[in-house]
Amino acid sequence: MTQAPILKARGLVKRYGRVTALDNADFDLYPGEILAVIGDNGAGKSSLIKAISGAVQVDDGKIELEGKPINFSSPLEARDAGIETVYQTLALSPALSITDNMFVGREIRKPGVLGSVFKMLDHKAMEKFARDRLSELGLMTIQSINQAVETLSGGQRQGVAVARAAAFGSKVIILDEPTAALGVKESRKVLELIQDVRSRGIPIVLISHNMPHVFEVADRIHVHRLGKRLCVIDPKENSMSDAVAYMTGAKTPPEAAVAA
Ligand SMILES: Nc1ncnc2c1ncn2[C@@H]1O[C@H](COP(=O)(O)OP(=O)(O)OP(=O)(O)O)[C@@H](O)[C@H]1O
């Protein structure tokens, strides 16, 4: 890769008491790619993502976004810097509408004094924005933008969460097991959505245990093992059984993949 990584981490260490969740972990995400992160249970994938997205603070190591050191003390700070994370347990509020969910914490105020002094919200503008973003991403099977999120299917909810992440000028979107709770059809939609977001130039980190999904959409696969990056493999040159063998330690990856 000749380009510089948009997001880079070196030597991350995270300990929980006597457990070392991250043990000198490295990470690189390049512009415009879908990078899958795979690893056995307990390998440290979530800890890696939490470190990058400000949800946990590391004990050691460096993280850079666009070449500048970052040190987020909360997920909100990471979001403000352009790193959006969509967790498996979606951070959507079920009783709120799609529009309200998209705008939590960044509502559009009415122009002029109505907005600046009286803090009145511009519902029309927010609805239009939500509708435009969802239809751009082909998510307009949703009937009404004012529908409560609890009335949506799992795939549609995931769609709203991804649309929200894509809508607010994110530099990086991290998706934690986005298809884990979904059926075949819904998973398909979400995979299409992920590819669509990439085609808009937003790089994606996809944490998944689902090998067929990973192999279908990933440009590169980061294999995490025992708290660190073991290797990075090309899904076009490696089989799913290779990936699983590296992940579980049954097979040693080639040197070129380890240096990647
Ligand atoms: N808050 C915590 N307190 C104590 N130990 C933790 C905590 N979070 C993670 N760990 C431990 O750190 C290690 C790595 O966990 P992590 O959740 O990062 O792995 P993972 O690869 O995401 O696993 P999975 O695929 O099962 O979700 C595990 O041994 C786990 O028990």
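This is a short tutorial dialogue on reading a few features of a predicted model.

User: Let's start with strands. Which residues of β3 are buried on each side?

Analyst: The general idea is that side chains in a regular strand alternate between the two faces of the sheet. Here, Ile34, Ala36 and Ile38 are buried on one side of β3, and Leu35, Val37 and Gly39 are buried on the other, so both faces are covered. Counting along the strand (residues 34–39), that's 6 of the 6 residues buried, so β3 is largely enclosed by the rest of the structure.

User: Which strands are joined to β3, and do they run parallel or antiparallel?

Analyst: β8 (residues 204–207) is joined to β3 by 4 bridges, and the two run parallel. One place to look is Leu35, which stands opposite Val205 in β8. β9 also runs parallel to β3, with 5 bridges between them. There, Ala36 has Ile221 as its bridge partner.

User: Val205 is in β8, then. Which residues touch the most other members of the largest nonpolar core?

Analyst: Val205 is one of them, along with Ile173 and Leu206, in a core of 66 residues. Helix α6 (residues 154–167) supplies the largest share of this core, 6 residues. If you want to trace the packing from one spot, pick Ile173: leaving out residues up to four places away in sequence, Ile173 touches Glu84, Val86, Ala165, Ala166, Val197, Ile202 and Ile204.

User: On to helices. Which residues of α9 are buried, and which are exposed on the other side?

Analyst: An α-helix has 3.6 residues a turn, so residues three or four places apart point the same way. In α9 (residues 240–248), the buried ones are Ala243, Tyr246 and Met247. They cover an arc of only 100° around the axis, which puts them on the same side of α9. Ser241 and Thr248 are exposed on the other side.

User: What do the buried residues of α9 pack against?

Analyst: They pack against β3, α8 (211–217), β9 and β10. So we're back at β3, the strand that is largely enclosed. Just after α9, Gly249 has a positive phi of about 90°.

User: Speaking of phi, which residues other than glycine have a positive value?

Analyst: Most residues other than glycine have a negative phi. Two exceptions to look at here are Glu66, with a phi of about 50°, and Leu226, with a phi near 50°.

User: Where are Glu66 and Leu226 found?

Analyst: Glu66 is in the loop between β4 (60–65) and β5 (68–70). Leu226 is in the loop between β9 (220–225) and β10 (228–233).

User: Why do Glu66 and Leu226 count as partly exposed?

Analyst: It comes down to counting C-beta neighbours inside 10 Å, where 20 or more means buried and 12 or fewer means exposed. Glu66 has 15 such neighbours, so Glu66 counts as partly exposed. Leu226 has 14, so Leu226 counts as partly exposed too.

User: Last one: the ligand. Which residues surround the ligand?

Analyst: The shell consists of Tyr16, Val19, Ala21, Gly39, Asn41, Gly42, Ala43, Gly44, Lys45, Ser46 and Ser47. The elements giving two or more residues are β2 (19–29) and α1 (45–52). α1 gives the most, with 3 residues.

User: How many nonpolar, polar and charged residues does that shell have?

Analyst: By class, there are 4 nonpolar, 6 polar and 1 charged. Remember Gly39 from β3: Gly39 is buried in that strand and is also among the residues around the ligand.

Methods. Residues are numbered from 1 along each chain as its sequence is written. This is a predicted model: local features need pLDDT of at least 70, side-chain atom pairs count only at pLDDT 80 or more; totals for chains, interfaces and linings use all residues. A nonpolar core is a set of buried Ala, Val, Leu, Ile, Met, Phe, Trp, Tyr and Cys residues joined through C-beta atoms within 7 Å. Two residues are in contact if their C-beta atoms, placed from the backbone, lie within 7 Å. Two strands pair if DSSP finds at least two bridges between them. The arc is that of the directions from the helix axis to the C-beta atoms. A residue is near a molecule or strand if its C-beta atom, placed from the backbone, lies within 6 Å of it. Ala, Val, Leu, Ile, Met, Phe, Trp, Tyr, Cys and Pro count as nonpolar, Asp, Glu, Lys and Arg as charged, and the others, Gly among them, as polar.
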